[in-house]
Amino acid sequence: MLGAAVAGLVGVGVLSPAPGAVAADPGPAGYAYATEWIYSTDASEVPQAVATDAAGRVYAVGPNSGYGDDNSTVRAYDPNGGLVTQWEVPFPNIGDLTVDAAGNVHVGDYSGHVPSDVPAGVYVYSPAGAYLRWYPMRPCCDVNETVGGIGIGPNGRTYVASPTSDQVVVFNADGTRYKTFSGSGVAPGRLKSPWGLDVAPDGSVVVADRDNSRVQVFTAEGVYVTGWGQSGTGPGQFVTAASSFNVEVRDDGLVYVVDGTDRVQVFTLAGQYLGTVLATTKRSGDTMTGLTGVAFGPQRELYVAGKLFPFENGVAKYVLAGTGAGVAKVKAPKRGVQVTKRKVRLTVRCVSATPCSGTLSLTVKGKPVATPKAYAVAPGGEAKVAVKLTKKGLKKVRKKPVTKAVASVTGGATKVKIRR
């Protein structure tokens with residue numbers, strides 16, 4: 001979730017490195033649209049958080065809309081959006097959702113619920129939705145502790161951002177309280193209404209410091225390391241509102257930040273801006289709005305929660321583009337394909353047991369005649385991919401009724417006939 005940072009392609013979430021940026025190894029890669037699914041068509045039932053487990057299962061949680069219904073629903077999906085199971089949690093205001101190494105699901109009750117003596121806290125469920133335990137925040141001091149972002153560190157401890165107490169609360173693996181760190185303020189290392197939180201593979205705690213419009217990084221023990229950002233809509237700037245300011249750290253340490261501008265900005269842990277992902281949908285030219293969070297699958301698949309389209313709230317999935325994943329083939333009709341508005345549309349089929357992603361390119365006598373186009377196809381599936389002819393390519397194709405070309409994807413090349 002801009003200036004020169006974005007290069008929009010239809011159906012593709014593109015990450016464009018900033019000019020002169022030095023990418024962290026293995027570096028950010030573009031994402032290609034794979035699929036999407038609806039969580040709810042009720043306008044008020046927007047998934048408030050999304051998370052994944054080691055097996056690739058995707059979890060989303062959002063409030064129920066029924067009159068007098070003070071519950072929320074957790075829905076678990078397979079990696080392609082098939083509903084596996086679902087269960088209700090007894091509170092309407094969601095802080096966050098995350099999954100621990102054992103596959104248990106941690107759901108944050110932001111402010112507590114009826115009866116009134118139940119304070120805010122984190123509820124833990126099995127992957128099937130069975131209640132396991134609860135660890136409460138403190139309803140004390142000058143203001144009650146509420147639950148924002150939740151992250152689980154490699155040390156087994158759970159870190160919870162508390163927007164009302166301006167601190168991070170740390171729990172041991174058994175749910176007992178370990179410590180707190182930070183506190184209210186604008187100086188480096190201080191927080192004001194922190195919301196999103198995640199823990200990096202090296203144990204660093206990354207916090208979306210909402211009212212200070214910045215991201216801050218702490219050690220596992222809460223020592224301030226660095227921070228970046230300011231209010232604005234440019235690269236490295238954030239528009240923060242309500243629960244829209246979230247962070248997620250990929251397994252290579254890259255920090256993905258969602259703010260109120262329907263974009264996902266990407267940074268190194270040191271705060272270097274690398275680019276922006278636009279979450280496009282299956283509808284040509286449309287992008288997701290009201291983004292609430294992101295999560296990563298075992299193969300760095302990117303899942304984005306929010307509004308897919310008016311009255312369609314859900315999750316969109318993107319896979320790494322241009323990395324040569326899977327084995328694909330191009331299906332070309334014997335009679336050839338027609339050029340329409342400078343575009344040549346071909347069918348890419350994924351013939352491997354794993355998802356296919358890469359780029360479709362078109363050449364004539366070894367020379368490119370079109371701009372390569374990213375694709376992402378589920379195992380056994382197929383997708384229409386349109387490559388746009390360059391000016392030279394269009395001129396070449398117009399010289400003959402039929403031009404013999406070669407379409408290449410990860411896995412091989414196919415001869416195609418292009419009709420002008």
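A strand or helix here is a run assigned by DSSP, at least two residues long for a strand and at least four for a helix, and these elements are numbered from the N terminus. With that in hand, select A55, which sits in the loop between β3 (49-52) and β4 (58-63). Keep in mind throughout the tour that this is a predicted model.

**Stop 1: A55 and its distant partner**

Is A55 buried or exposed? Residues over 50% relative accessible area count as exposed, so A55, with 70%, is exposed. Now add D78 to your selection and draw a line from C-alpha to C-alpha. A55 and D78 are 23 residues apart in sequence, and in space that line spans 9.1 Å.

**Stop 2: The whole protein**

Zoom out and show everything as a cartoon. The secondary structure amounts to one helix and 35 strands. Among the 420 residues, 54% count as buried. If you switch on a surface, you are looking at about 17600 Å² of exposed area, with carbon and sulfur atoms supplying 52% of it.

Next, colour the model by pLDDT. The protein has a mean of 86, and 89% of its residues reach 70 or more. Which stretch stays under 50? Select residues 1-28: their pLDDT stays under 50, and the model has 83 contacts beyond four places in sequence for them.

**Stop 3: Strand β25 and its partners**

Select residues 312-320, which make up strand β25. How many of its residues are buried? Nine of its nine residues are, so the strand is mostly covered.

Two pairings are worth showing here. Select β2 (residues 31-40), which pairs with β25 in the antiparallel sense over eight bridges. Within that pairing, look for Y33, which stands opposite Y318 of β25.

Then select β24 (residues 302-309), which is also antiparallel to β25 and pairs with it over seven bridges. Here G306 has G314 in β25 as its bridge partner. β24 and β25 form a hairpin with two residues between them. Click on F311 in the turn: its phi is positive, at about 70°.

While β2 is on screen, pick out E36, which lies in that strand. Since the cut-off for buried is under 20% relative accessible area, E36 counts as buried with 12%. Leaving out residues up to four places away in sequence, E36 touches T281, K282, R283, L308, V315 and A316.

**Stop 4: A four-stranded sheet**

Select β15 through β18. They form an open sheet in the order β15-β16-β17-β18, with antiparallel pairing. Which strands are at the edges? They are β15 (194-199) and β18 (224-228), each of which pairs on one side only. Turn the sheet to view its strands: neighbours are turned by 20° against each other on average, ignoring direction.

In the middle of your selection, β16 (residues 205-209) and β17 (residues 214-218) run antiparallel and are joined by five bridges. One pair to label is V206 and its bridge partner in β17, V217.

Two serines come next. S213 lies in the loop between β16 and β17, and its phi is positive, about 50°, although it is not a glycine. S213 counts as buried because its relative accessibility is 8%, under the 20% cut-off. S182 is in the loop between β14 (177-181) and β15. It is another non-glycine residue with a positive phi, of about 75°. With a relative accessible area of 22%, S182 is partly exposed.

**Stop 5: The nonpolar cores**

Here is a general idea for the last stop: in soluble globular proteins, nonpolar side chains tend to be buried together.

Select V344, L346, L360, L362, Y375, L389 and I418 and show their side chains. These are the residues that touch the most other members in the largest nonpolar core, which has 26 residues. Elements giving two or more residues to this core include β28 (343-350), β29 (356-364), α1 (391-397) and β35 (412-419).

Now centre on L389. Which residues does L389 contact, apart from its neighbours within four places in sequence? They are V339, R342, V344, L362, V369, A370, L394 and V397.

Finish by selecting V277, L302, L308 and A316. They are among the 20 residues of another core, which lies apart from the largest one.

Key:
Residues numbered from 1 in each chain as written. Predicted model: local features only at pLDDT ≥ 70, side-chain atom pairs only at ≥ 80, totals over all residues. Heavy atoms only, no water. Core = buried A, V, L, I, M, F, W, Y, C linked by side-chain atoms within 4.5 Å. Buried < 20%, exposed > 50% of the residue type's maximum accessible area, 1.4 Å probe, protein only. Contact = heavy atoms within 4.5 Å. Areas by Shrake-Rupley, 256 points an atom, 1.4 Å probe, with all protein chains shown as cover. Pairing = 2+ DSSP bridges. Axes fitted to C-alpha atoms, helices over the stretch in contact; angles between N-to-C directions. pLDDT = per-residue confidence, 0-100.
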